[in-house]
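Work through the two exercises below with the sequence and the model at hand. Each task is followed by a solution in steps.

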Amino acid sequence: MQHFPIFVALTGRRVVVAGGGEAAVAKLRLLLKTEAAITVVAPEVAPEIASWDREGKLTIIRRALRAGDVAGATLFYGAAEDEEEDARTAAIAEAEGALVNIVDNLHASQFITPAIVDRDPVTVAIGTEGAAPVLARAIKADLEERLPQQLGPLARIGKAFRGMAEALPFGRARRDFWRDYYFEAGPRAFENGEEAVEEALDQLLNAHLARETRAGHVDFVGGGPGDPELLTLKARTALDRADIVIHDRLIAAPILELARREAILIEAGKEGFGPAMSQEDINALIVEHAQAGHHVVRLKSGDPTVFGRLDEELEAVEAAGVAYSIVPGITAASAAIAGLGQSFTRRGRNSSVRLMTGHDVKGFADHDWKTLARTGEVAAIYMGKRAARFLQGRLMMHGADPATPVTAVENASRLDQRTHVTTLGRMAADLDTAALTGPVLILLGLAPRAAEAEIKTLQEEAL
Ligand code: SAH
């Protein structure tokens with residue numbers, strides 16, 4: 001992040017704009033939304049600026065900017081649309097202590113003005129560090145559509161009510177009250193005018209004050225394979241409401257970003273290498289926070305019901321009498337297979353699939369090798385990285401064809417996804433060479449669609 005976003009208090013402070021043309025007009029339109037004391041310095045000004053002056057909204061000094069003009073100003077905009085003149089005025093402004101922005105000149109600017117979605121007092125600022133103005137505009141357009149116009153007035157009325165709402169205990173109770181207001185009661189009442197909103201606030205507060213303190217709740221949530229877009233809407237809602245998020249190490253950073261800002265994040269496990277925290281400790285942690293009345297999200301990678309020791313956690317939660325729900329997620333196998341352009345089942349090839357683990361708490365896991373060794377079998381192998389040689393050995397020993405396609409997908413669905421195509425006979429050696437670092441899903445009996453033809457030719461040549 002090269003520019004740190006902040007909101008600057010401008011009420012009563014000086015802002016100086018040097019220039020009187022189109023660029024100045026565009027910036028002034030934004031600045032006039034504030035209560036800053038605005039001075040425009042330019043030999044000539046556009047008619048809009050002249051009329052703002054007549055309306056008393058700003059002051060014009062009709063000459064070129066000179067030393068002393070920017071004294072005491074908080075912000076300075078160079079909008080002469082002339083490189084030399086902008087450089088000259090910027091030097092004066094900087095010497096006089098203002099933060100400088102040169103319109104359309106990122107490098108000469110100390111700050112940049114973001115694209116703004118204005119639902120005063122709610123303001124959304126969008127910046128791309130000058131990299132993609134088109135993107136900023138697209139995001140702005142999207143938000144303009146999405147954020148209801150009444151958001152501004154609702155926030156204004158709500159702000160005046162903040163003191164009253166302190167009658168509710170801090171934390172969840174108060175949050176629930178405000179959520180109800182902004183997304184349910186407020187917009188409903190707004191249809192009947194601002195007074196109706198104030199009444200609704202009173203009623204809502206009474207209703208919430210009458211509520212008993214809520215019992216905690218645990219959501220066992222599938223965080224998916226890594227791409228935040230592969231989260232379910234339910235998962236997003238749960239993250240948005242969480243007080244505490246207890247997550248596995250495998251959960252990708254962009255997904256944790258989606259947790260409610262005030263939520264406490266706790267990393268619980270190190271998948272594949274034995275948990276950093278013992279399973280008992282994790283169980284106790286979940287129960288403890290839920291019993292304190294919190295909304296706990298137990299965030300597991302992929303689908304929580306697949307190789308996630310979910311049962312042990314469910315038992316602990318049940319034994320403590322805490323309510324829970326399970327939010328399924330996209331398991332790593334689904335994401336890996338989608339990346340190959342393949343289908344998990346295929347008519348004439350395999351009518352069943354297996355989800356298997358390369359190792360379990362006791363070591364390398366045992367399986368029905370004989371069945372798995374048959375041609376056409378398809379299996380998704382979790383936690384198979386270090387078990388590759390063992391898997392290969394067992395399958396070959398039971399007569400599997402060494403030419404059986406094997407594809408290992410590393411970091412499935414993530415930006416750094418890598419696909420390693422090999423065969424059963426070469427699997428262990430190839431995966432060694434590949435120096436895998438991320439989580440890996442091994443697909444036995446599947447090759448990427450594009451590689452399939454190539455493999456067929458190789459097989460035919462081998463015959
Ligand atoms: N519940 C998870 C699996 C947990 S076991 C799920 O449904 O996906 C952890 C194993 O899942 C890892 O060792 C790896 O084999 C696999 N895995 C998880 N995320 C992955 C990803 N993004 N890419 C490839 N494999 C992944």
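**Exercise 1: the faces of a helix**

On one side of helix α9, Leu233 and Lys234 are exposed (over 50% relative accessible area, 1.4 Å probe, protein chains only). The model is predicted, so local features need pLDDT of at least 70, side-chain atom pairs count only at pLDDT 80 or more, and totals for chains, interfaces and linings use all residues. Residues are numbered from 1 along each chain as its sequence is written, and side-chain values use heavy atoms, without hydrogens and water.

Task: find which residues of helix α9 (residues 233–241) are buried, meaning under 20% relative accessible area.

Solution.
1. The buried residues of α9, a DSSP run of H or I with at least four residues, are Ala235, Ala238 and Leu239.
2. Seen down the axis of α9, these buried residues fall within an arc of 100 degrees (taken from the directions from the helix axis to the C-beta atoms), so they line one face of the helix.
3. An α-helix has 3.6 residues a turn, so residues three or four places apart point the same way.

**Exercise 2: the ligand shell**

Task: state which residues come nearest to the ligand, and describe the polar contacts to its atoms.

Solution.
1. Of the 19 residues around the ligand (a heavy atom within 4 Å), Asp303, Val306, Thr331, Ala412 and Val440 come nearest.
2. A polar backbone atom of Val306 is 2.7 Å from a nitrogen atom of the ligand (polar contact: N or O atoms within 3.5 Å).
3. For an oxygen atom of the ligand, the distance to a backbone N or O atom of Val440 is 2.6 Å.
4. The protein covers 97% of the 540 Å² of accessible area that the ligand has on its own (Shrake-Rupley method, 1.4 Å probe).

Methods
Polar contact = N/O pair within 3.5 Å; in protein donor to acceptor, adjacent residues only side chain to side chain. Helix = DSSP H or I, 4+ residues; strand = E, 2+ residues; numbered from the N terminus.
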